[in-house]
Amino acid sequence: MLQVRDLNVSYGASQVLYEVDLQADLGEISCVLGRNGVGKTSLVRAIAGRHIATSGKVFWDGEDIRDRDPASRAKLGVAYVPQGREIFARLTVQENLELGFAAAPMGQRFIPKEIFELFPVLEQMLGRRGGDLSGGQQQQLAIARALVTRPRLLILDEPTEGIQPSIIKDIGRVLSLLRERNDMAIVLVEQYLDFALGLGDRFCVLDRGQIKLSGTVDEISSETVRDLVTV
Ligand SMILES: Nc1ncnc2c1ncn2[C@@H]1O[C@H](COP(=O)(O)OP(=O)(O)O)[C@@H](O)[C@H]1O
Ligand SMILES: [Mg+2]
């Protein structure tokens, strides 16, 4: 289970997150919502280790991983699908997937068959260069690459951004399937509200670096979330 407590994040002298709390449990999709520039990416980068928080706690399975580097967090099962995907354009699909091996447990450094059940298009494209894929295919590849590491915490930063509706639907279906397995906590950053509201078990809304609202799907209504995000 992920528990973020009182997290403060700054870039130099400029603080962008203030005392942020977040929770994500196995078998759940926890959504981080909020307009552009409120600090969503900064929050998930601090969880994944791409940027070290100034203070606060990032508990993962009871251990505070706030100061660990990204590679050691990845080995603990933390996978991050960055905003903008970060696919290597000149590497093949296969090679992009194999980049996940470094963080995979020993004996599991292969591409699990399940990846191609989730994303059949990737199997047909294994020899193609990442840069030749459509945006939607690259997003699927980025998620697949994260899954190759066998994560127990999967963080996705705006996976629907700039992607055609049919692939957004596919990605939603994959996230539902992963949730059903009950062995993974999923943190979903989204600006596409209907997508998040359709999937989320838990929501938190950020505004100017602070949590404005958080709770489970039973505790807060989608209208309340919608009002906060769209005002
Ligand atoms: N690397 C960085 N250096 C300095 N400021 C940054 C950096 N990344 C983001 N910021 C600033 O931090 C704030 C939050 O940005 P970000 O976390 O990307 O928000 P969001 O993902 O919600 O759009 C913004 O004001 C942004 O300009
Ligand atoms: Mg962002």
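Helices and strands on this tour are DSSP runs numbered from the N terminus, and that naming places Arg90 in the loop between β6 and α3. Keep in mind throughout that this is a predicted model.

**Stop 1: the loop between β6 and α3**

Select Arg90 to begin. Its relative accessibility is 69%, over the 50% cut-off, so Arg90 counts as exposed. Now add Asp157 to the selection: the two residues are 67 apart in sequence, and their C-alpha atoms are 23 Å apart in space.

**Stop 2: the magnesium ion**

Stay with this loop and bring up ligand 2, the magnesium ion. Which residues coordinate the magnesium ion? Show Thr41 and Gln83 as sticks: the donor atoms are OG1 of Thr41 and OE1 of Gln83, at 2.0 to 2.3 Å. The pair joins distant parts of the chain, since Thr41 belongs to helix α1 (residues 40-48) while Gln83 sits in the loop between β6 and α3 (93-98), 42 residues away. Thr41 is partly exposed, at 25% relative accessibility, and Gln83 is also in the partly exposed class, with a relative accessible area of 27%.

**Stop 3: along helix α1**

Next, colour α1 by accessibility. Is this helix largely enclosed or largely open? Seven of its nine residues are buried, so α1 is largely enclosed by the rest of the structure. To check this by eye, pick out Lys40, Ser42, Leu43, Val44, Ala46, Ile47 and Ala48, which are the buried ones. Then step past the end of the helix to Gly49, where phi is positive, near 95°.

**Stop 4: the largest pocket**

Turn on a surface and look for the largest pocket, which holds about 480 Å³ of space. Its lining has 22 residues, and those closest to the centre are Arg50, Ala74, Tyr80, Leu99 and Thr149, so centring the view on these five is a handy way in. Three elements each give two or more residues to the lining: α2 (70-75), β6 (78-81) and α6 (135-148). Of these, α2 gives the most, with five residues. What is the character of the lining? Colour by residue type and you will find 15 nonpolar, two polar and five charged residues.

**Stop 5: the nonpolar cores**

Hide the surface and show the side chains inside. The largest nonpolar core has 47 residues, and the ones with the most contacts inside it are Leu33, Leu147, Leu154, Leu175, Leu178 and Val225. Helix α6 gives the most to this core, with seven residues. A separate core of 28 residues lies apart from it, and includes Leu17, Leu22, Ala185 and Leu206.

Now zoom in on Leu33. Beyond its neighbours up to four places away in sequence, Leu33 touches Lys40, Glu190, Leu193, Ala196, Phe203, Cys204, Val205, Leu206, Val225 and Val229. One of these, Phe203, leads to the next stop.

**Stop 6: strand β9**

Select residues 202-207, which form strand β9, the home of Phe203. Phe203 is buried, because its relative accessible area of 4% is under the 20% cut-off. Which residues surround Phe203, leaving aside those within four places in sequence? Its contacts are Cys31, Leu33, Ala196, Leu197, Leu213, Ser214, Gly215, Val217 and Ile220. For a distance label, try Phe203 to Gly27: 176 residues apart along the chain, with their C-alpha atoms separated by 15 Å.

Arg202 is in strand β9 as well. Is this arginine buried or exposed? Arg202 counts as buried, at 17% relative accessibility. Not counting residues up to four places away, Arg202 touches Gln23, Asp25, Glu28, Ile29, Ser30, Cys31, Gly215, Thr216 and Val217. Label one more distance here: the C-alpha atoms of Arg202 and Leu22 are 9.8 Å apart, with their places 180 residues apart along the chain.

**Stop 7: two positive phi angles**

Finish with the backbone. In strand β1 (residues 2-11), select Asp6. Its phi is near 50°, a positive value in a residue other than glycine, and Asp6 counts as partly exposed, at 38% relative accessibility.

Then jump to Asn182, in the loop between α7 (165-180) and β8 (185-190). Asn182 is not a glycine either, yet its phi is positive, about 70°. At 52% relative accessibility, Asn182 counts as exposed.

Technical notes
Residues numbered from 1 in each chain as written. Chains lettered and ligands numbered in written order. Predicted model: local features only at pLDDT ≥ 70, side-chain atom pairs only at ≥ 80, totals over all residues. Heavy atoms only, no water. 1 Å grid on protein atoms, 1.4 Å probe; cavity = no way out; pocket = protein on both sides within 12 Å on 5 of 7 lines; lining within 4 Å. Points joined across faces, edges and corners; volume = space filled by probe spheres on them. Helix = DSSP H or I, 4+ residues; strand = E, 2+ residues; numbered from the N terminus. Nonpolar A, V, L, I, M, F, W, Y, C, P; charged D, E, K, R; others polar. Core = buried A, V, L, I, M, F, W, Y, C linked by side-chain atoms within 4.5 Å. Buried < 20%, exposed > 50% of the residue type's maximum accessible area, 1.4 Å probe, protein only. Contact = heavy atoms within 4.5 Å. Donors = N, O, S within 2.8 Å, 3.2 Å for Na, K, Ca; no water.
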